[in-house]
Structure formats: structure tokens, C-alpha cells
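Me: Before we discuss this model, please show it to me, and then let me ask how each descriptive term is justified.

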Amino acid sequence: MISFSRAELAGELVTALQGKASFSDAHNGLFLAAPRRTGKTTFLRGDLSPALEAAGVAVVYVDLWADAARDPGVLIAEAIGRALQPHLGVVARTAKSAGLEKVNLGGWLHVDATRIGKVDGLTLVDALRALNETAGKPVTLIIDEAQHALTSAAGENAMSALKSARDQMNRPGNVQLMLVMSGSDRDKLLRLVNSNGAPFYGSQIQRMPPLDERFIDFIAHLIEAQRPDLGRVDRGTLYKAFEGFGYRPQFFMEALGQALSPLAGITERFELAMLEAALQRQCDDESQMESDYLGLKPLEQAVLWRMLEVGTRFRPYDAEALAFYRAQTAEKVTAQRAQNALESLRQRMPALVWKSARGEYAVEDAAMHRWFEDRKAAGRWPPKSPQSAFDLSAEG
């Protein structure tokens, strides 16, 4: 398995999270947005977490998509609880050996020695403070796919509790709780910061830089070392292929393995084969989105079209939206019918629509926005089914 380190970026973020970067607000919360499969989780777990631990920070990581069926608020609480339990166990065993039934942490938290390692009844704020004090070091909570927390009331409450914990535990020059929240959809992540009611109102969403030419140079060196018969690798062409794969290392590496396989039967340079594979991946992705769209009922298509058109300004039942649905379907569309269409889009596998606990809707896969804009700019929107195209040519 190939491992590419982004230690420099991780080091810079650790400095910012600790409040040591003059022009950064990361100590109040670092919000990172990056498209799916571009290496975000690999960086958080393989680079940022170890860098934080090396800096003397206790790290708690939770992926809210690891178990999408469970409430995100519960997943956050359990992750903190798992990190806290070993430390509470030591405290409780010490108390038991001293003949104590309870022990105080900092004069504010009472740990029942008969419940070693249990955190039942603690609020998230108390659990984070307990972890901070028992571990004897600052704490970083990394929440991957943090926008999923907004899909439940418990998840929203957890976000508000984390903001409260941050305010209580941090002081100027003394950062004890660092929060890192990542998301694969910037528009959804924005809902954590962009309104007066948002738990982290005022914070900024940062775009996580994708893997760049240094990654390609790293891969090229490996190829040259293992396949000297290929000569020097054309890094420029290979980087263009990586761009074509949407900076997604998983798909890029899979295609690279096939292109370099002795069974591939490629007669041209493998870099050119990678360009062709990237183009094929783009076509496959677009074909899948087009197929998904054409497989919808007319009203579902109209609702999804409206969401793609207006983005974060989408209001499913206002007069403009209902008029839009009518224009596309040539039918009278009520708010109830629009709601039924939205629910149908949410229930598809995979889901095409995301819904927050506050009743806000967004397209599930942000890549659909790029697909929509590209087709619209090319004058190829809306998609037409093959049968429709055949009917039009027949009429001509």
C-alpha cells in the first residue's frame, strides 16, 4: 500500500489550531471542505492526527458517515466516551485502592469509583473537560463529514454543546479544545457557520488543497524505481490525468495499476493510457448522473433541477418553486406533491437529496452541481432520454 505524507500541511494546521498562527482563526474551529474521495479522510487520520499527537494533544476522531443509520449526536458522544474511559478507569482504580467511593476531578466532576470507565450522564462539555484533565493535555476532536450532524436534532445539539465546550475550555493564549470539522460538500458545511442560529456562526470554511504535483512526483519516482524499463515518467501528462480523475487518488491509482500491468497489452506510453482512462472515468460519472436523472419521474426531475439551479437559495414550496415545477411538468403542483417528490428523492439508493433537521434540502452529491453547470454551459440541459431524441428526429 502506497502512503504519501502531507506532513508540511499537517504541521501548519497544528500550529494554527494551537492559536500560534498570527492570521488564523483555526483555534476557534477549523472547517475543511473537500470533494469526496480526494484524500481528505486519509489526511485527517494519517497526517493531521499523528502530528497533533506528536505535539502533545489527545485526539478523538469520529466519522459521521461510518454508520449512516445511527444518530450523529450519539456517534460523537460515543467517540468522546471511548477516549475518556481509559483515563477514568485509572482515576477510579486509584480511588478504589484508596478506599474512596468517589473522586473529584478539578473540584467539579465527581467520578463514581463503582462505575470504572463509565461516562453515563455526563454532558459533552463535561466529558471533554474530563478528558482534558485526566489526559493532562489539550484535546482535539476531529469530526469527519460534520455536515451529517445537521440531519438530526441530537446532532445539532451536539454541535451547540461543542461550541459551548470550546468557549468554556479555551482562553487567549491557552487553547485546550481544538475542533476540526470536515465535509465533502461546502454548501452543507456552510450551514454550521453562516447564520445567526448556526452553532459556529462567524467561522470560515477553508478549502482543503487537493493533492498536487508533489504527489505525482512521488508516484513517478516509485514507478521509475520499480520499472526502469519505462525510462523517465512524463510527469506533466500524468498530472493532467490526475486532474481528469478529479484529484481522486483512489481512482487514479486503480487506473495506474491497470495501465502498468503486464497483462494490459498497452502498446503506447502508459501516461497516454492514463489520460484515456481519466476521460473514460469522466464519461462514466456523467453517464451515471444522467441515468439517475432520466430515471426520475417528471416532478422529481423538476424538483432536482430547481435544487441544482438555485443551490443554497432553494425553497421547495415557495411560489417561484411551485411555478417552476408547473412549467416543467405542465401539471398543477401542490406543496404536498412537491414534498412527496423530495421524500422520494431522499429514499432512493443512493439518495439524491439531503435534508437537515431544520427542513433544509440540498443535493446529496455536490458533483451533480458541476455536472449541471457544465451541461448548461454546453447547451445540453436538460438531459433527453434516447427515446425522446428518437421521437424528435422522427417528427422532423
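**Terms and their grounds**

Reply: Both faces of β6 are covered, since Leu177, Leu179, Met181 and Gly183 on one side and Met178, Val180 and Ser182 on the other are all buried. This is a predicted model, in which local features need pLDDT of at least 70 and side-chain atom pairs count only at pLDDT 80 or more, while totals for chains, interfaces and linings use all residues. Residues are numbered from 1 along each chain as its sequence is written, and side-chain values use heavy atoms, with hydrogens and water left out.

Me: Why does Thr134 count as buried?

Reply: Buried means under 20% relative accessible area, with exposed over 50% and partly exposed in between (1.4 Å probe, protein chains only). Thr134 has 19% relative accessibility and therefore counts as buried. Thr134 has its place in helix α4, where helices (H or I, at least four residues) and strands (E, at least two) are DSSP runs numbered from the N terminus.

Me: What lies 2.7 Å from a polar atom of the side chain of Thr134?

Reply: The backbone oxygen of Ala130 lies at that distance. A polar contact is a pair of N or O atoms within 3.5 Å; within protein, one must be able to donate a hydrogen and the other to accept it, and residues adjacent in sequence count only if both atoms are side-chain atoms.

Me: Why are α4 and α5 called oblique to each other?

Reply: The axes of helix α4 (residues 124–135) and α5 come within 8 Å and cross at roughly 45°; axes are lines fitted to C-alpha atoms, for helices over the stretch in contact, and angles run from 0 to 180 degrees between N-to-C directions. Angles under 35 degrees count as roughly parallel, over 145 as roughly antiparallel, 65 to 115 as roughly perpendicular and the rest as oblique, and α4 and α5 are therefore oblique to each other.

Me: Why are α7 and α9 described as roughly parallel?

Reply: The two helices α7 and α9 pack at an angle of about 25°, with their axes 13 Å apart, and they are therefore roughly parallel to each other. Where they meet, Phe215, Ile216, Ile219 and Ile223 belong to α7, and Pro249, Phe252, Met253, Leu256 and Leu260 to α9; contact means heavy atoms within 4.5 Å.

Me: What makes helix α8 largely enclosed by the rest of the structure?

Reply: Seven of the ten residues of α8 (residues 235–244) are buried, so the helix is largely enclosed. These buried residues are Arg235, Thr237, Leu238, Tyr239, Ala241, Phe242 and Gly244, and they pack against α7 (213–226), α9 (249–260) and α10 (270–294). At the N-terminal end, Asp234 caps α8 through a side-chain oxygen 3.2 Å from the backbone nitrogen of Gly236.

Me: In what order do the five strands of the open sheet stand, and why is one side of β2 and of β7 left without a neighbour?

Reply: The order is β2-β5-β6-β1-β7, and the pairing is parallel. At the edges stand β2 (58–63) and β7 (205–207), each with a single partner strand, so one side of each has no neighbour in the sheet. Two strands pair if DSSP finds at least two bridges between them.

Me: How many bridges join β1 to β6, and how many join β5 to β6?

Reply: Strand β1 (residues 30–33) pairs with β6 (residues 177–183) over four bridges, in the parallel sense, and β5 pairs with β6 over five, also in the parallel sense. Within the first pairing, Leu30 stands opposite Val180 and Phe31 opposite Met181, while Met181 is also the bridge partner of Ile143.
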